[in-house]
Amino acid sequence: RERFCATLAVAATGAVLVTAFMALVAVLSVPLSRLLPDLHVFGGRLTYRVISVRVFYGPWVLLPIAATIHLVFYRRPILSMILLMALMYTVVLTAELLSHDLRPLANAPASGTLAALCWLAFILALSRIAHRRPLVR
């Protein structure tokens, strides 16, 4: 029971800390958007914009997925690392290629539901593993 609570607390604390860091960066982006001039590169104009609130949903969806992968494959760190890198590459590529198409779907209710499902899957995997085998080598 202690292993379950401790691992869940570490994952939740990590999500809160990452979100707090992202909030700090987003708050700092507001004055920077007013101060930084436009850059003209190869005839194109690059403008610094304020960081969107949509980025705050990322840690609450991705961290439980990453924690579940790490939890399931803890005896195989290389496989765990490969899967985590593949997950991140997929997320970044999907966000870059489909950002305009996915923008209407990235709203608060949809992201909150997806985050809740990811945390539920993590809690179920953690519960099963914590009560059946040790969480460390």
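How many residues apart are Trp-119 and Phe-122 in helix H5? They sit three residues apart, about one turn of the helix. An α-helix has 3.6 residues a turn, so residues three or four places apart point the same way.

A word on the model first. This is a predicted model, in which local features need pLDDT of at least 70 and side-chain atom pairs count only at pLDDT 80 or more, while totals for chains, interfaces and linings use all residues. Residues are numbered from 1 along each chain as its sequence is written, and side-chain values use heavy atoms, with hydrogens and water left out.

**The rings**

Searching the whole structure turns up two aromatic pairs. Rings of Phe, Tyr and Trp (its six-membered ring) pair if their centres lie within 6.5 Å; planes under 30 degrees apart are stacked, over 60 edge-to-face, and the rest tilted.

| Pair | Centre to centre | Angle of planes | Type |
|---|---|---|---|
| Trp-60 and Trp-119 | 5.9 Å | 45° | tilted |
| Trp-119 and Phe-122 | 5.8 Å | 85° | edge-to-face |

The tilted pair ties together distant parts of the chain, since Trp-60 belongs to helix H2 and Trp-119 to helix H5, 59 residues apart. Ring pairs join Trp-60, Trp-119 and Phe-122 into a cluster.

How covered up are they? Buried means under 20% relative accessible area, exposed over 50%, and partly exposed in between (1.4 Å probe, protein chains only). Trp-60, at 29%, is partly exposed. Trp-119 is buried at 12%, and Phe-122 is buried too, at 1%.

**Helix H2**

Helices here are DSSP runs (H or I, at least four residues), numbered from the N terminus. H2 covers residues 57–72, and its end C-alpha atoms are 24 Å apart, which agrees with the 22 Å expected for 16 residues at 1.5 Å a residue; that expected span is 1.5 Å times one less than the number of residues. Among its buried residues are Pro-59, Val-61, Ala-67 and Leu-71. The buried residues of H2 pack against (heavy atoms within 4.5 Å) helices H1 (2–35), H3 (77–97) and H5 (108–130).

**A pocket**

The second largest pocket holds about 360 Å³ of space. Its lining has 20 residues, with Thr-7, Val-10, Ala-67, His-70 and Leu-71 nearest the centre. H1, H2, H3 and H5 each give two or more residues to that lining. A pocket is an open set of points on a 1 Å grid where a 1.4 Å probe fits, with protein on both sides within 12 Å along at least five of seven lines; lining residues have an atom within 4 Å of a point.

Key. Points joined across faces, edges and corners; volume = space filled by probe spheres on them.
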